[in-house]
Amino acid sequence: MSAVPSPTTRSFDAVIIGAGHNGLVCANYLAKAGLTVAVLERRSIVGGAAVTEEIAPGFRASIFSYLMSLLHPRIIRDFDLKRHGLEVLPCSDMVSPVSDDDYIVFSDDMKKTQASFAKFSAKDAAAYPAFDAYLQEATRIVRQILFDTPIDPARRDWRTFREGAEFLWKYRKVGRKMYRIVDMMTMSAYDFLREWFEDERVMAVLAYYASIGTFAGPKTPGSAYVIMHHIMGEHEGAGGWGFIKGGMGSITKALASAATEQGVTIVTNADIKEIRVVNGRATEVTTAAGDVYRAKVIASNASARTLYLDLVGEKHLPEEVIREIKGYRTFGTAFKMNVACERPPQYKILDRVKRDGAIGSFSYPTYMHIAPDIDYLERAYDDAKYGWYSQRPFLTPVVPTIVDDTLAPPGKHVVNFFGGHAPYELKGGDWATEKENFRKTVFDTIEQFAPGFSNDVIEAQLLVAPDIERIVGLPQGHIFHGELSTDQLFFQRPVSGYADYRTPIAGLYICGSSMHPGGGVSGIPGHNAAREILKDFKRKRS
């Protein structure tokens, strides 16, 4: 019988809770500045939602996050992540079936997308270049704002006034283009797109992005912004999408390697019990095993709700913060299915796609959207709005094994299906009894477009919102740590007055997707939080 290790007490300049990508990014920047840093991870592996794990013997999949888009090139450069094994692989242009024998292609190639749109509407094809230019101009503005620390417009001190003036001066040339951002923040995806396009199949190509990971439909006010959030990537593939060789876990593996090289201590199987607060300051982190990590700075990559309500506790927080964080919307409706299979889905349109040369040099469409028109997307949302899972969910099937031979045995494949909607809680039902019924619903949907796929399945891992919450701690399974809605963005994310990565407790920060600019594997919340931590650290030393 082996002895149980005695609890230990260790001290660092900074302790990061959670080894997801944002936690690792924050740790890297703090270590680069010379701080001693420890990262504590509840699970046995690092990565959070960006992990690669085995789903069947010989088959590995990106279990949660599944495509590369938003990881910022600045972060890749700052830590030389390519040297640490990060390799981005292109995916094919996005293909979306609109019927049994026709499809739309969405490509970075303007003329190719126009030609595809023209099959359904000459007017929409002609409008697309102007729409793309309009959207890209708005996106360029937002890309700049991503790295800004939100100011608090309610404060009246000199420092806030100075920072507000600097912010306004920085964007003084934006002018009337700011109205574009306001439109996207307030309009539904459908209304926004309808100003440009007439065919609802064409509109669905872009409105699809407004549904990914959000509890909203294309006709929900404010959903237009989510289109832009998803296409802000600057990498390969339509809308900046691409695969990571070895799966998404290779991103966090590279970040962990860079951190270790800089002296960061990474501890796995470190389930956090509490953050100790003394006289209004966070002083140490205690694990369930009794280990104590003392630090001048504690930064949480866990969700803001988890941090405030579970790890800190209401007794240490202002009433207004408690009220707002309890009202912070995190209700998840996204689901994920990771499939090991003999061959990828054989779509009804596949032969035509190949014959038309729609996917260029690719042998198979590696990236698809299944949602033929606006009504399809809206009906999927309607089911969830009334408390049930979608009877015909929208689906994103991606097949990384077409370009990455490290994930499956020779000749075999892995397919990742991401979709919606499958609400965190079911009205009049329970996931314990309904999950298998929903699995059948998902396969029935796939079979409608790719008959016989079920016969090629070796293993299928289905994850609904409660599974996502249980495994990686995303609140209510929400992939963005909270809705990307106007009232939960910028200086109101996650609560008003504390959107600058700080909290009401001295020495305690949030570096995860609960903060600006929100979810997605970008690393930007981790980058921005580290910047603010280092500012405060410098002030204390001076």
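**Cores and helix pairs**

Hi everyone, let's start inside: the largest nonpolar core has 94 residues, and those with the most contacts within it are Phe131, Leu193, Phe197, Met337, Tyr347, Phe438 and Ile446. Helix H8, residues 200-211, supplies the largest share of this core, with nine residues. Keep in mind, please, that this is a predicted model.

Let's zoom in on one residue of that list. Which residues does Phe197 touch, leaving aside those up to four places away in sequence? They are Asp124, Ala127, Tyr128, Phe131, Val202, Met203 and Leu206. Apart from this largest core lies another one, of 70 residues, and among them are Ala38, Met248, Ala258 and Met515.

Now back to H8, and to its packing with another helix. H8 and helix H14, residues 374-385, pack at an angle of about 35 degrees, and their axes are 8 Å apart. On the H8 side, the contact is made by Glu200, Met203, Ala204, Ala207, Tyr208 and Ser211, and on the H14 side by Ile374, Asp375 and Leu377. Sorted by class, this contact has six nonpolar, one polar and two charged residues.

One last pair, for contrast on your screens. Helix H11, residues 304-312, packs with helix H12, residues 319-327, at an angle of about 130 degrees, with the axes 10 Å apart. That angle is why H11 counts as oblique to H12. The crossing of H11 past H12 is left-handed. Here Ala304, Arg305, Tyr308 and Leu309 of H11 meet Val321, Ile325 and Lys326 of H12. By class, the contact of H11 with H12 has five nonpolar and two charged residues, and no polar ones.

Thanks for listening!

Methods: Residues numbered from 1 in each chain as written. Predicted model: local features only at pLDDT ≥ 70, side-chain atom pairs only at ≥ 80, totals over all residues. Heavy atoms only, no water. Axes fitted to C-alpha atoms, helices over the stretch in contact; angles between N-to-C directions. Helix = DSSP H or I, 4+ residues; strand = E, 2+ residues; numbered from the N terminus. Parallel < 35°, antiparallel > 145°, perpendicular 65-115°, else oblique. Left-handed = near helix turned anticlockwise from the far one by under 90°. Contact = heavy atoms within 4.5 Å. Nonpolar A, V, L, I, M, F, W, Y, C, P; charged D, E, K, R; others polar. Core = buried A, V, L, I, M, F, W, Y, C linked by side-chain atoms within 4.5 Å. Buried < 20%, exposed > 50% of the residue type's maximum accessible area, 1.4 Å probe, protein only.
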